[in-house]
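Here is a short report on the fold of one protein chain. Keep the sequence and the 3D view open while you read.

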Amino acid sequence: MVVALCSAAVAAPWAQAQDGTRIGFVNTDRMLREATPAKAAQTKLEQEFSRREKEIDDAGSALKTASERFEREAPTMNDTQRNSRQRQLMEQDREFQRRRREFQEDLNARKQEELQHILDRANRVVKQVAEAEKYDVILQEAVYVNPRLDITDKVIKALNSGK
């Protein structure tokens with residue numbers, strides 16, 4: 001009885017596929033790497049954040065230089081000077097860490113916005129392809145997919161054409 005139920009459960013999806021059900025697959029990661037809108041969004045983000053990233057990199061370099069200078073000069077300083085410079089360096093480091101954290105948070109938020117925009121557009125395109133070619137199911141994640149089911153190229157082409 002159990003064997004009959006298991007074999008029926010395993011055979012059921014196969015039977016559906018044989019009755020004309022059309023199944024497709026879209027590799028979302030590949031689509032996000034290769035589609036022109038995804039590449040454009042990446043370029044846009046790089047341009048938008050490059051100035052801030054350079055400022056933070058410069059601040060990090062300045063902090064490193066100041067720390068190295070302090071390490072060299074500390075043995076010749078009196079206690080008051082050494083303590084004062086240490087406090088300055090700690091404050092400079094806190095400010096640097098804060099700016100870097102804010103930058104990363106802003107960058108991540110913008111990446112999410114752009115990603116969501118692209119995914120919304122891609123989902124519309126996938127739906128258009130599915131309806132136009134009479135697919136019953138389009139999967140976006142799977143452990144294994146037979147290459148003949150992969151419609152990623154069609155979706156990328158449609159995204160690139162601006163549909």
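The report goes from overall layout to helix packing, cores, an aromatic pair and three single residues.

**Layout**

This is a predicted model. The protein chain holds five helices and two strands. Read from the N terminus, the elements follow the order α-β-α-α-α-β-α. The chain has 163 residues, and 25% of them count as buried. Contacts reach far along the sequence. Among contacts with a separation of 6 or more, 80% are between residues 24 or more positions apart.

**Helix packing**

Start with helix H3, residues 36-73, and helix H4, residues 79-132. Their axes come within 10 Å and cross at roughly 170 degrees. An angle over 145 degrees counts as roughly antiparallel, so H3 is roughly antiparallel to H4. What kinds of residues make up the contact of H3 with H4? The contact residues comprise 16 nonpolar, four polar and 18 charged ones.

**Nonpolar cores**

In soluble globular proteins, nonpolar side chains tend to be buried together. Here, the largest nonpolar core has 14 residues. Val26, Met31, Ala35, Val125, Ile151, Val155 and Leu159 have the most contacts inside it. Two elements, H4 and helix H5 (152-160), each give two or more residues to this core. H4 gives the most, with five residues.

Val155 shows how this core is joined up. Leaving aside residues up to four places away in sequence, Val155 touches Val26, Met31, Val125 and Val126.

A second, separate core has 12 residues. Leu45, Met77, Leu89 and Phe103 are among them.

**The aromatic pair**

How many aromatic pairs does a search of the whole structure find? The search finds one. The partners are Phe49 and Phe103, with ring centres 5.8 Å apart. Their planes stand at 75 degrees, so the pair is edge-to-face. The cut-off for that label is over 60 degrees. Phe49 sits in helix H3 and Phe103 in helix H4. The two are 54 residues apart, so the pair links distant parts of the chain. Both Phe49 and Phe103 are buried. Phe103 also belongs to the second core.

**Three single residues**

Now look at two residues of helix H2 and one of helix H3. The table gives their places and accessibilities.

| Residue | Helix | Relative accessibility | Class |
|---|---|---|---|
| Thr28 | H2 (residues 28-34) | 16% | buried |
| Arg30 | H2 | 17% | buried |
| Ser67 | H3 | 28% | partly exposed |

Buried means under 20% relative accessible area. Thr28 therefore counts as buried at 16%, and Arg30 counts as buried at 17%. Ser67, at 28%, counts as partly exposed.

What does Thr28 touch, not counting residues up to four places away in sequence? Its partners are Leu119 and Gln140. Under that sequence limit, Arg30 touches Asp150, Thr152, Asp153 and Ile156.

For Ser67, consider a distance to Gln86. The two residues are 19 residues apart along the chain. Their C-alpha atoms are separated by 8.9 Å. Ser67 lies in helix H3, and H3 is roughly antiparallel to H4.

Technical notes
Residues numbered from 1 in each chain as written. Predicted model: local features only at pLDDT ≥ 70, side-chain atom pairs only at ≥ 80, totals over all residues. Heavy atoms only, no water. Axes fitted to C-alpha atoms, helices over the stretch in contact; angles between N-to-C directions. Helix = DSSP H or I, 4+ residues; strand = E, 2+ residues; numbered from the N terminus. Parallel < 35°, antiparallel > 145°, perpendicular 65-115°, else oblique. Nonpolar A, V, L, I, M, F, W, Y, C, P; charged D, E, K, R; others polar. Core = buried A, V, L, I, M, F, W, Y, C linked by side-chain atoms within 4.5 Å. Buried < 20%, exposed > 50% of the residue type's maximum accessible area, 1.4 Å probe, protein only. Contact = heavy atoms within 4.5 Å. Phe/Tyr/Trp six-rings, centres within 6.5 Å; stacked < 30°, edge-to-face > 60°.
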